[in-house]
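Okay, thanks everyone, let me put this one up on the screen. I'll go through a few spots and then we can chat.

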Amino acid sequence: MIRSRIVGTGSYLPEKVLTNEELEKIVDTTDEWILTRTGIRERRITANGEASSTLATNAARRALDMAGVSPEELDIIVVGTVTPDMFFPSVGCLVQDALGAKKAVAFDLSAGCSGFVYGLSVADNFLKNGQYKKALVVGTENLSKVTDYQDRGTCVLLGDGSGAVVLVAEEGHQGILSTHLHSDGSYKDLLFQPGGGSRVPPTYESIDERLHYLKMDGNKLFKIAVKSLEDVVLEAIAHNNIKDSDIDLLIPHQANLRIIQAIAKRLNLPEEKVFVNIHKYGNTSSASIPIALDEANRAGRIQEDNLLLLNAFGAGLTWGSALVRW
Ligand code: UT7
(Lines give C-alpha, C1' and ligand atoms only; values in the text may rest on other atoms or scores of the structure.)
Protein backbone atom coordinates (compact mmCIF):
# COMPACT_ATOMS: atom_id res chain seq x y z
CA MET A 1 0.00 0.00 0.00
CA ILE A 2 1.34 3.45 -0.92
CA ARG A 3 1.50 5.91 1.96
CA SER A 4 2.83 9.45 2.33
CA ARG A 5 5.79 9.35 4.69
CA ILE A 6 7.16 12.46 6.39
CA VAL A 7 10.90 12.39 5.62
CA GLY A 8 11.84 15.91 6.69
CA THR A 9 10.58 18.63 9.01
CA GLY A 10 11.63 22.26 9.30
CA SER A 11 10.52 25.42 11.01
CA TYR A 12 11.44 29.06 11.10
CA LEU A 13 10.60 31.73 13.65
CA PRO A 14 11.33 35.42 13.24
CA GLU A 15 14.02 36.75 15.57
CA LYS A 16 12.07 39.45 17.39
CA VAL A 17 10.55 38.27 20.68
CA LEU A 18 7.51 40.08 22.11
CA THR A 19 7.09 39.24 25.80
CA ASN A 20 4.04 39.51 28.04
CA GLU A 21 5.85 42.26 29.96
CA GLU A 22 6.20 44.28 26.76
CA LEU A 23 2.49 43.80 26.02
CA GLU A 24 1.67 45.12 29.51
CA LYS A 25 3.03 48.45 28.26
CA ILE A 26 0.88 48.42 25.11
CA VAL A 27 -2.56 47.21 26.31
CA ASP A 28 -4.41 46.80 29.62
CA THR A 29 -3.19 43.32 30.46
CA THR A 30 -0.85 41.48 32.80
CA ASP A 31 1.69 38.72 32.46
CA GLU A 32 -0.28 36.83 35.10
CA TRP A 33 -3.57 37.03 33.12
CA ILE A 34 -1.95 35.93 29.87
CA LEU A 35 -0.02 33.08 31.47
CA THR A 36 -2.87 31.66 33.54
CA ARG A 37 -5.55 32.02 30.81
CA THR A 38 -3.45 30.91 27.84
CA GLY A 39 -0.06 29.49 28.88
CA ILE A 40 1.73 32.03 26.66
CA ARG A 41 4.90 33.81 27.89
CA GLU A 42 6.17 35.29 24.63
CA ARG A 43 5.67 35.19 20.88
CA ARG A 44 7.74 35.99 17.77
CA ILE A 45 7.00 38.96 15.53
CA THR A 46 8.18 39.56 11.98
CA ALA A 47 10.23 42.56 10.98
CA ASN A 48 8.81 44.90 8.35
CA GLY A 49 9.34 43.34 4.95
CA GLU A 50 9.50 39.83 6.39
CA ALA A 51 6.52 38.16 4.72
CA SER A 52 4.76 34.82 5.10
CA SER A 53 6.62 33.50 2.04
CA THR A 54 9.97 34.50 3.58
CA LEU A 55 9.20 32.48 6.70
CA ALA A 56 7.82 29.61 4.62
CA THR A 57 10.87 29.44 2.36
CA ASN A 58 13.21 29.26 5.36
CA ALA A 59 11.14 26.51 7.00
CA ALA A 60 10.91 24.63 3.70
CA ARG A 61 14.69 24.73 3.15
CA ARG A 62 15.23 23.15 6.57
CA ALA A 63 12.67 20.42 5.86
CA LEU A 64 14.21 19.70 2.43
CA ASP A 65 17.71 19.56 3.96
CA MET A 66 16.62 17.03 6.53
CA ALA A 67 14.82 14.98 3.88
CA GLY A 68 17.77 15.07 1.48
CA VAL A 69 15.29 16.09 -1.22
CA SER A 70 16.18 18.84 -3.68
CA PRO A 71 13.59 21.50 -4.62
CA GLU A 72 13.69 20.30 -8.25
CA GLU A 73 12.35 16.92 -7.14
CA LEU A 74 9.15 18.38 -5.64
CA ASP A 75 5.94 17.62 -7.51
CA ILE A 76 3.58 19.69 -5.37
CA ILE A 77 3.74 22.53 -2.81
CA VAL A 78 0.70 23.18 -0.61
CA VAL A 79 0.73 26.16 1.73
CA GLY A 80 -1.81 26.74 4.50
CA THR A 81 -2.05 30.41 5.43
CA VAL A 82 -4.53 33.15 6.31
CA THR A 83 -1.87 35.84 6.01
CA PRO A 84 -0.51 35.54 2.46
CA ASP A 85 2.01 38.11 1.25
CA MET A 86 -0.80 39.41 -0.99
CA PHE A 87 -4.07 38.01 -2.35
CA PHE A 88 -2.29 36.77 -5.43
CA PRO A 89 -0.06 35.26 -6.53
CA SER A 90 -0.16 32.56 -3.87
CA VAL A 91 2.49 32.07 -1.21
CA GLY A 92 2.88 28.61 -2.78
CA CYS A 93 4.05 30.17 -6.06
CA LEU A 94 6.37 32.59 -4.23
CA VAL A 95 7.92 29.70 -2.30
CA GLN A 96 8.21 27.64 -5.49
CA ASP A 97 10.12 30.48 -7.13
CA ALA A 98 12.35 31.15 -4.10
CA LEU A 99 13.26 27.47 -3.80
CA GLY A 100 13.65 26.89 -7.54
CA ALA A 101 11.13 24.04 -7.38
CA LYS A 102 10.55 24.34 -11.11
CA LYS A 103 8.31 21.35 -11.78
CA ALA A 104 6.12 21.65 -8.66
CA VAL A 105 2.48 22.68 -8.86
CA ALA A 106 2.00 25.22 -6.06
CA PHE A 107 -1.01 26.73 -4.36
CA ASP A 108 -2.40 28.00 -1.04
CA LEU A 109 -5.36 26.88 0.93
CA SER A 110 -7.28 28.91 3.47
CA ALA A 111 -8.50 26.86 6.40
CA GLY A 112 -7.59 29.08 9.35
CA CYS A 113 -5.53 27.37 12.01
CA SER A 114 -6.35 24.00 10.41
CA GLY A 115 -4.48 25.00 7.24
CA PHE A 116 -1.54 22.66 7.79
CA VAL A 117 -3.68 19.60 8.54
CA TYR A 118 -5.87 20.42 5.53
CA GLY A 119 -2.72 20.77 3.41
CA LEU A 120 -1.36 17.47 4.68
CA SER A 121 -4.61 15.77 3.73
CA VAL A 122 -4.64 17.27 0.22
CA ALA A 123 -1.00 16.33 -0.44
CA ASP A 124 -1.51 12.87 1.07
CA ASN A 125 -4.36 12.17 -1.35
CA PHE A 126 -2.29 13.23 -4.37
CA LEU A 127 0.55 10.96 -3.23
CA LYS A 128 -1.66 7.99 -2.36
CA ASN A 129 -3.46 8.07 -5.70
CA GLY A 130 -0.11 7.98 -7.50
CA GLN A 131 -0.38 11.37 -9.24
CA TYR A 132 2.65 12.80 -7.41
CA LYS A 133 5.64 11.36 -5.56
CA LYS A 134 7.13 14.21 -3.51
CA ALA A 135 5.30 16.99 -1.70
CA LEU A 136 6.10 20.00 0.44
CA VAL A 137 3.40 21.05 2.90
CA VAL A 138 3.82 24.33 4.77
CA GLY A 139 1.89 26.24 7.42
CA THR A 140 2.99 29.88 7.52
CA GLU A 141 1.60 32.95 9.24
CA ASN A 142 2.40 36.61 9.66
CA LEU A 143 -0.43 37.30 12.09
CA SER A 144 1.20 40.35 13.64
CA LYS A 145 0.37 42.22 10.44
CA VAL A 146 -3.38 41.66 10.92
CA THR A 147 -3.37 41.95 14.71
CA ASP A 148 -4.94 44.95 16.45
CA TYR A 149 -2.50 45.94 19.18
CA GLN A 150 -5.32 47.92 20.80
CA ASP A 151 -7.41 44.75 21.29
CA ARG A 152 -6.20 42.93 24.38
CA GLY A 153 -8.56 40.02 23.61
CA THR A 154 -6.48 39.00 20.58
CA CYS A 155 -3.08 40.71 20.53
CA VAL A 156 -1.75 38.76 23.50
CA LEU A 157 -2.51 35.46 21.78
CA LEU A 158 -0.96 35.64 18.34
CA GLY A 159 2.52 35.13 16.92
CA ASP A 160 4.34 34.66 13.63
CA GLY A 161 6.21 31.64 12.28
CA SER A 162 6.32 28.82 9.79
CA GLY A 163 6.69 25.06 9.71
CA ALA A 164 7.05 22.59 6.84
CA VAL A 165 7.24 18.90 6.05
CA VAL A 166 8.45 16.94 3.05
CA LEU A 167 6.34 13.91 2.13
CA VAL A 168 7.32 11.07 -0.17
CA ALA A 169 5.09 8.33 -1.56
CA GLU A 170 6.39 4.97 -0.35
CA GLU A 171 5.21 1.40 0.03
CA GLY A 172 5.08 0.35 3.67
CA HIS A 173 3.42 0.68 7.05
CA GLN A 174 4.90 4.08 7.93
CA GLY A 175 3.34 7.40 6.96
CA ILE A 176 -0.01 9.11 7.16
CA LEU A 177 -2.59 6.53 8.22
CA SER A 178 -5.64 8.77 8.10
CA THR A 179 -6.80 12.35 7.86
CA HIS A 180 -10.24 13.67 8.83
CA LEU A 181 -11.40 17.19 7.95
CA HIS A 182 -14.49 19.15 8.98
CA SER A 183 -15.91 22.62 8.34
CA ASP A 184 -18.87 24.63 9.62
CA GLY A 185 -19.28 28.00 7.93
CA SER A 186 -22.23 28.94 10.14
CA TYR A 187 -19.61 29.99 12.73
CA LYS A 188 -17.93 32.34 10.23
CA ASP A 189 -18.34 35.36 12.54
CA LEU A 190 -16.44 33.91 15.52
CA LEU A 191 -13.01 34.49 13.97
CA PHE A 192 -12.59 36.63 10.88
CA GLN A 193 -10.92 39.58 9.20
CA PRO A 194 -13.79 41.78 8.04
CA GLY A 195 -11.95 44.32 5.88
CA GLY A 196 -9.49 44.33 3.02
CA GLY A 197 -11.25 41.76 0.83
CA SER A 198 -13.91 42.11 -1.85
CA ARG A 199 -16.77 42.55 0.65
CA VAL A 200 -15.19 45.53 2.44
CA PRO A 201 -12.39 46.72 0.18
CA PRO A 202 -9.73 48.82 1.88
CA THR A 203 -10.76 52.45 2.25
CA TYR A 204 -9.70 55.20 4.65
CA GLU A 205 -12.95 54.48 6.55
CA SER A 206 -12.38 50.73 6.79
CA ILE A 207 -8.87 51.36 8.09
CA ASP A 208 -10.12 53.96 10.60
CA GLU A 209 -12.68 51.40 11.79
CA ARG A 210 -9.83 48.89 12.15
CA LEU A 211 -11.67 46.39 9.93
CA HIS A 212 -8.42 45.11 8.44
CA TYR A 213 -7.58 43.49 11.78
CA LEU A 214 -8.78 40.07 12.82
CA LYS A 215 -11.73 39.82 15.23
CA MET A 216 -12.37 36.95 17.56
CA ASP A 217 -15.03 35.81 20.01
CA GLY A 218 -12.58 33.83 22.11
CA ASN A 219 -14.98 32.69 24.76
CA LYS A 220 -17.45 31.07 22.32
CA LEU A 221 -14.59 29.59 20.31
CA PHE A 222 -13.05 28.04 23.40
CA LYS A 223 -16.05 25.79 24.08
CA ILE A 224 -16.44 24.72 20.44
CA ALA A 225 -12.68 24.12 20.17
CA VAL A 226 -12.54 21.72 23.10
CA LYS A 227 -15.51 19.70 21.78
CA SER A 228 -14.37 19.65 18.13
CA LEU A 229 -10.78 18.76 18.95
CA GLU A 230 -11.92 15.95 21.20
CA ASP A 231 -14.41 14.66 18.59
CA VAL A 232 -11.82 14.62 15.85
CA VAL A 233 -9.37 12.70 18.00
CA LEU A 234 -12.01 10.12 18.90
CA GLU A 235 -12.91 9.88 15.21
CA ALA A 236 -9.28 9.10 14.27
CA ILE A 237 -8.99 6.56 17.09
CA ALA A 238 -12.20 4.77 16.06
CA HIS A 239 -11.39 4.87 12.33
CA ASN A 240 -7.96 3.30 12.87
CA ASN A 241 -9.19 0.83 15.46
CA ILE A 242 -6.62 1.92 18.07
CA LYS A 243 -6.81 2.85 21.77
CA ASP A 244 -6.04 6.23 23.42
CA SER A 245 -3.00 4.60 25.00
CA ASP A 246 -1.58 3.64 21.56
CA ILE A 247 -0.90 7.32 20.82
CA ASP A 248 2.78 8.07 21.50
CA LEU A 249 2.57 11.82 20.95
CA LEU A 250 -0.32 14.23 20.51
CA ILE A 251 0.73 17.34 18.59
CA PRO A 252 -2.20 19.70 18.99
CA HIS A 253 -2.79 23.14 17.54
CA GLN A 254 -1.34 25.56 20.08
CA ALA A 255 -4.23 27.99 20.70
CA ASN A 256 -4.54 27.81 24.46
CA LEU A 257 -2.83 25.61 27.04
CA ARG A 258 -6.17 25.10 28.80
CA ILE A 259 -7.70 23.69 25.59
CA ILE A 260 -4.73 21.34 25.15
CA GLN A 261 -4.93 20.18 28.78
CA ALA A 262 -8.69 19.61 28.58
CA ILE A 263 -8.26 17.31 25.58
CA ALA A 264 -5.29 15.48 27.11
CA LYS A 265 -7.36 14.87 30.24
CA ARG A 266 -10.35 13.53 28.31
CA LEU A 267 -8.05 11.14 26.44
CA ASN A 268 -6.16 10.14 29.59
CA LEU A 269 -2.91 11.16 27.94
CA PRO A 270 -0.05 11.83 30.39
CA GLU A 271 1.84 15.12 30.07
CA GLU A 272 4.83 13.54 28.35
CA LYS A 273 2.62 12.36 25.47
CA VAL A 274 1.41 15.86 24.63
CA PHE A 275 3.70 18.34 22.86
CA VAL A 276 3.40 21.92 24.07
CA ASN A 277 5.38 24.97 22.93
CA ILE A 278 2.68 27.64 23.19
CA HIS A 279 4.65 29.40 25.96
CA LYS A 280 7.33 30.37 23.39
CA TYR A 281 5.31 31.22 20.30
CA GLY A 282 1.65 31.84 21.20
CA ASN A 283 -0.92 30.91 18.58
CA THR A 284 0.73 30.86 15.15
CA SER A 285 -2.42 29.55 13.40
CA SER A 286 -1.61 27.14 10.57
CA ALA A 287 2.09 27.19 11.50
CA SER A 288 1.63 25.90 15.04
CA ILE A 289 1.44 22.16 14.31
CA PRO A 290 4.37 21.94 11.85
CA ILE A 291 6.54 24.09 14.16
CA ALA A 292 5.68 21.79 17.07
CA LEU A 293 6.26 18.68 14.94
CA ASP A 294 9.68 19.96 13.88
CA GLU A 295 10.67 20.82 17.45
CA ALA A 296 9.52 17.43 18.72
CA ASN A 297 11.39 15.69 15.90
CA ARG A 298 14.65 17.60 16.39
CA ALA A 299 14.45 17.16 20.18
CA GLY A 300 14.34 13.37 19.73
CA ARG A 301 10.80 13.12 21.09
CA ILE A 302 9.71 10.97 18.12
CA GLN A 303 11.02 7.44 17.56
CA GLU A 304 10.61 5.23 14.52
CA ASP A 305 7.16 3.58 14.42
CA ASN A 306 5.72 6.02 16.98
CA LEU A 307 2.07 6.89 16.47
CA LEU A 308 1.50 10.65 16.27
CA LEU A 309 -1.84 12.36 16.31
CA LEU A 310 -2.12 15.93 15.01
CA ASN A 311 -5.33 17.85 15.67
CA ALA A 312 -6.27 21.35 14.57
CA PHE A 313 -9.10 23.84 14.95
CA GLY A 314 -9.59 27.31 13.52
CA ALA A 315 -11.41 30.00 11.56
CA GLY A 316 -14.11 28.83 9.20
CA LEU A 317 -14.76 27.08 11.43
CA THR A 318 -12.54 24.22 10.41
CA TRP A 319 -11.10 21.30 12.33
CA GLY A 320 -9.29 18.10 11.51
CA SER A 321 -6.78 15.41 12.42
CA ALA A 322 -3.96 13.39 10.94
CA LEU A 323 -2.72 10.10 12.36
CA VAL A 324 0.88 9.34 11.41
CA ARG A 325 3.03 6.23 11.87
CA TRP A 326 6.57 7.69 12.06
O1 UT7 B 1 -6.72 29.28 17.02
C2 UT7 B 1 -8.01 28.77 17.00
C3 UT7 B 1 -9.06 29.70 17.41
N4 UT7 B 1 -8.85 30.32 18.68
C5 UT7 B 1 -9.17 29.72 19.84
O6 UT7 B 1 -9.54 28.58 19.88
C7 UT7 B 1 -9.14 30.59 21.06
C8 UT7 B 1 -10.08 30.09 22.09
N9 UT7 B 1 -10.31 31.02 23.19
C10 UT7 B 1 -9.41 31.26 24.17
O11 UT7 B 1 -8.30 30.81 24.13
C12 UT7 B 1 -9.87 32.10 25.36
O13 UT7 B 1 -11.26 32.29 25.26
C14 UT7 B 1 -9.17 33.48 25.47
C15 UT7 B 1 -7.74 33.28 25.91
C16 UT7 B 1 -9.23 34.20 24.15
C17 UT7 B 1 -9.87 34.31 26.54
O18 UT7 B 1 -9.89 33.63 27.78
P19 UT7 B 1 -11.26 33.52 28.58
O20 UT7 B 1 -10.94 32.83 29.83
O21 UT7 B 1 -12.28 32.91 27.67
O22 UT7 B 1 -11.58 35.03 28.88
P23 UT7 B 1 -12.86 35.89 28.51
O24 UT7 B 1 -12.86 36.23 27.06
O25 UT7 B 1 -14.10 35.22 29.06
O26 UT7 B 1 -12.59 37.19 29.34
C27 UT7 B 1 -12.56 37.16 30.78
C28 UT7 B 1 -12.18 38.53 31.26
C29 UT7 B 1 -12.99 39.65 30.64
O30 UT7 B 1 -13.19 40.64 31.62
P31 UT7 B 1 -14.57 40.73 32.44
O32 UT7 B 1 -15.62 40.94 31.38
O33 UT7 B 1 -14.71 39.41 33.14
O34 UT7 B 1 -14.34 41.88 33.34
C35 UT7 B 1 -12.08 40.19 29.56
O36 UT7 B 1 -12.35 41.54 29.27
O37 UT7 B 1 -10.81 38.80 30.92
C38 UT7 B 1 -10.75 40.05 30.23
N39 UT7 B 1 -9.62 39.98 29.30
C40 UT7 B 1 -8.37 40.32 29.63
N41 UT7 B 1 -7.83 40.75 30.79
C42 UT7 B 1 -6.51 41.00 30.80
C43 UT7 B 1 -9.63 39.60 28.00
N44 UT7 B 1 -8.39 39.67 27.49
C45 UT7 B 1 -7.60 40.12 28.49
C46 UT7 B 1 -6.22 40.41 28.56
N47 UT7 B 1 -5.73 40.83 29.75
N48 UT7 B 1 -5.39 40.23 27.52
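When I say contact, I mean heavy atoms within 4.5 Å. With that, S206 touches V200, P201, L211 and H212, leaving aside residues up to four places away in sequence. S206 sits in helix α7, residues 204–208; helices here are DSSP runs of H or I with at least four residues, numbered from the N terminus. S206 is buried at 5% relative accessible area, where buried is under 20%, exposed is over 50% and partly exposed is in between, with a 1.4 Å probe and protein chains only.

Quick housekeeping: this is a predicted model, with local features needing pLDDT of at least 70 and side-chain atom pairs counting only at pLDDT 80 or more, while totals for chains, interfaces and linings use all residues. Numbering runs from 1 along each chain as its sequence is written, and side-chain values use heavy atoms, without hydrogens and water.

Now, the aromatics. Phe, Tyr and Trp rings (six-membered ring for Trp) pair if their centres lie within 6.5 Å; plane angles under 30 degrees are stacked, over 60 edge-to-face, the rest tilted. How many aromatic pairs does that rule give? Just one aromatic pair. The F126 and Y132 rings have centres 5.1 Å apart and planes at 50°, so this pair is tilted. F126 is partly exposed at 23% relative accessibility, and Y132 is buried at 18%.

Definitions and conventions
Helix = DSSP H or I, 4+ residues; strand = E, 2+ residues; numbered from the N terminus.
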